[in-house]
Amino acid sequence: MSESRTRPIPARPACDGRAQDDLDALVALLAVNAAGVDRTACFPEENLAALRSAGYLGFLIPRRYGGMGRDLADLVTVAQRLAGACLSTAMIWAMHCQQADVLVRHAGPRLAAELLPRVAAGEVYLASVTTGTVTGGHLLSAADALERGIEEEILLRREAPVVTGGEHADGFLITMRDTAHADGHAVSLVYADRDALTVEATGGWNTLGMRGTASGALKLSGAVPPDQVLGPPGGFREVALDSMIPVGHLAWSACWLGAARSSFSALLRWLSREQRDRLSSPLVHERLGRIRLDLELVSGYLGGVRQEVERVRADRSRPDSAEVQIHLNSLKTAASELTYQAVDRMVQLAGLAVGYGADSPVPLERTLRDLRSAALNYSNDRLWTANGALCLLDRGVTLL
């Protein structure tokens, strides 16, 4: 275990120019390490240590617990900045923030009082265990069941084919079928410290892109107190609709947009510096315009959905309404497909040597490989069919 995991560094609120300096320094570090993280397919430990030290594991933790107390608008902004430097690291951080939001909104009093200050202090990097060997990536179902011990502790045994950063996590939020006799959709969400579990890596992570996320398969087993179930027993759907899904789709989309946006900026600088003779070409202009439109559409829709989620939370209205779910699903599918399309257009425009080369001064090849995962990260196929069914419930066609 690294020193940064065993010796938490107290977080400070993110405000004023010093916070901006911290973010600029983090972005610079991630950019320096990005190519090596991709080339070696190694978890970005130095990057995570820097995020811990700067207080960014407590980004969404309220200040009363020692966190930075930032909101969803800040999350979307910072996720773009980090992803513009290293998409693997940004997604690791974004998924941690997704789990932190779940804890803030759904942990019971004892768990919140004990755990949230540790997350804020940088002691606990959170991983999410929601995939299953039987259920695949289906979020709202689970096959592995909880057991109740003789002293009321909860026993869990769980296998998951994909767990982002799991081997490096200090704590886990784990979906489980509530009992062995429960329906597969009666899912409970359980928090477990790493020290309460036996964690075994059962599969590696050698992928086309997103190579630094170390999202290999894990087997976990252990026991936790009963008050480490978040939300009602068997009621994970409520937790997912309120927190895990909206924050996940916002944060992921921001990361994908940030990576594509940074690549476009790099391409524009390269064209202006090295390809000045092409800048008057109508074909180049047309291609640049199409790329910009892809990014503008994602950015605008991301902002609109973020505001809608904020309104739902402020009004305490139903997060499971058909139109809200359609908008969230549409954000994820649009962001994953349009950012990949934009970078694919950039590769075509830059050409074989610069657009397709692994050692190019414009890192389009790595970004293209990374963004190919976006449509697979909770499969778009599932979201398209879900949206089709939801359309039948929103016959007034409530557009964003």
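**Close-up views of a predicted model**

**View 1. Strands S6 and S7 pair in the antiparallel sense.** S6 and strand S7 (residues 218–224) are joined over 5 bridges. The model shown here and in every other view is predicted. Leucine 197 faces glycine 222, which lies in S7. The wider setting is an open sheet of 4 strands. Its order is S2-S3-S7-S6, and the pairing is antiparallel. Strand S2 (147–148) and strand S6 (197–201) are the edge strands. Each of these two pairs on one side only.

**View 2. A second open sheet has mixed pairing.** Here 4 strands run in the order S1-S4-S5-S8. Strand S1 (126–129) and strand S8 (229–230) occupy the edges. Each has a single partner strand, so one side of each lacks a neighbour in the sheet. S1 pairs with strand S4 (residues 171–177) in the parallel sense, over 4 bridges. Within the view, serine 128 sits opposite leucine 173 of S4.

**View 3. Helices H7 and H8 cross at roughly 155°.** The partner of H7 in this view is helix H8 (residues 282–315). The two axes come within 10 Å. Angles over 145 degrees count as roughly antiparallel. H7 and H8 are therefore roughly antiparallel to each other. Their crossing is left-handed. The contact of H7 with H8 has 16 nonpolar residues, 3 polar and 5 charged.

**View 4. Helices H7 and H11 pack at an angle of about 160°.** The axes of H7 and H11 lie 10 Å apart. The angle makes the pair roughly antiparallel, which is why H7 and H11 are described that way here. The crossing of H7 and H11 is left-handed.

**View 5. The largest pocket has a volume of about 1,200 Å³.** The lining is made up of 47 residues. Closest to the pocket centre are Gly137, Trp252, Asn377, Tyr378 and Ser379. Four helices are named as giving two or more residues to this lining: helix H5 (87–106), helix H7 (236–274), helix H9 (322–350) and helix H12 (380–391). H7 gives the most, with 7 residues. By class, the lining of the largest pocket holds 21 nonpolar, 21 polar and 5 charged residues.

**View 6. The second largest pocket holds about 250 Å³ of space.** Its lining has 17 residues. Gly84, Ser262, Ser263, Pro363 and Arg366 are the closest to the centre of this pocket. The elements giving two or more residues to the lining are H7 and helix H11 (364–371). The largest share, 6 residues, comes from H7. The lining of the second largest pocket divides into 9 nonpolar, 5 polar and 3 charged residues.

**View 7. Helix H7 links the helix and pocket views.** H7 makes the largest contribution to the lining of the largest pocket. H7 also supplies the largest share of the lining of the second largest pocket. H11, which packs against H7 at about 160°, is likewise among the elements giving two or more residues to the second lining. H8 meets H7 at roughly 155°, in a left-handed crossing.

Methods:
Residues numbered from 1 in each chain as written. Predicted model: local features only at pLDDT ≥ 70, side-chain atom pairs only at ≥ 80, totals over all residues. Heavy atoms only, no water. 1 Å grid on protein atoms, 1.4 Å probe; cavity = no way out; pocket = protein on both sides within 12 Å on 5 of 7 lines; lining within 4 Å. Points joined across faces, edges and corners; volume = space filled by probe spheres on them. Nonpolar A, V, L, I, M, F, W, Y, C, P; charged D, E, K, R; others polar. Axes fitted to C-alpha atoms, helices over the stretch in contact; angles between N-to-C directions. Parallel < 35°, antiparallel > 145°, perpendicular 65-115°, else oblique. Left-handed = near helix turned anticlockwise from the far one by under 90°. Pairing = 2+ DSSP bridges.
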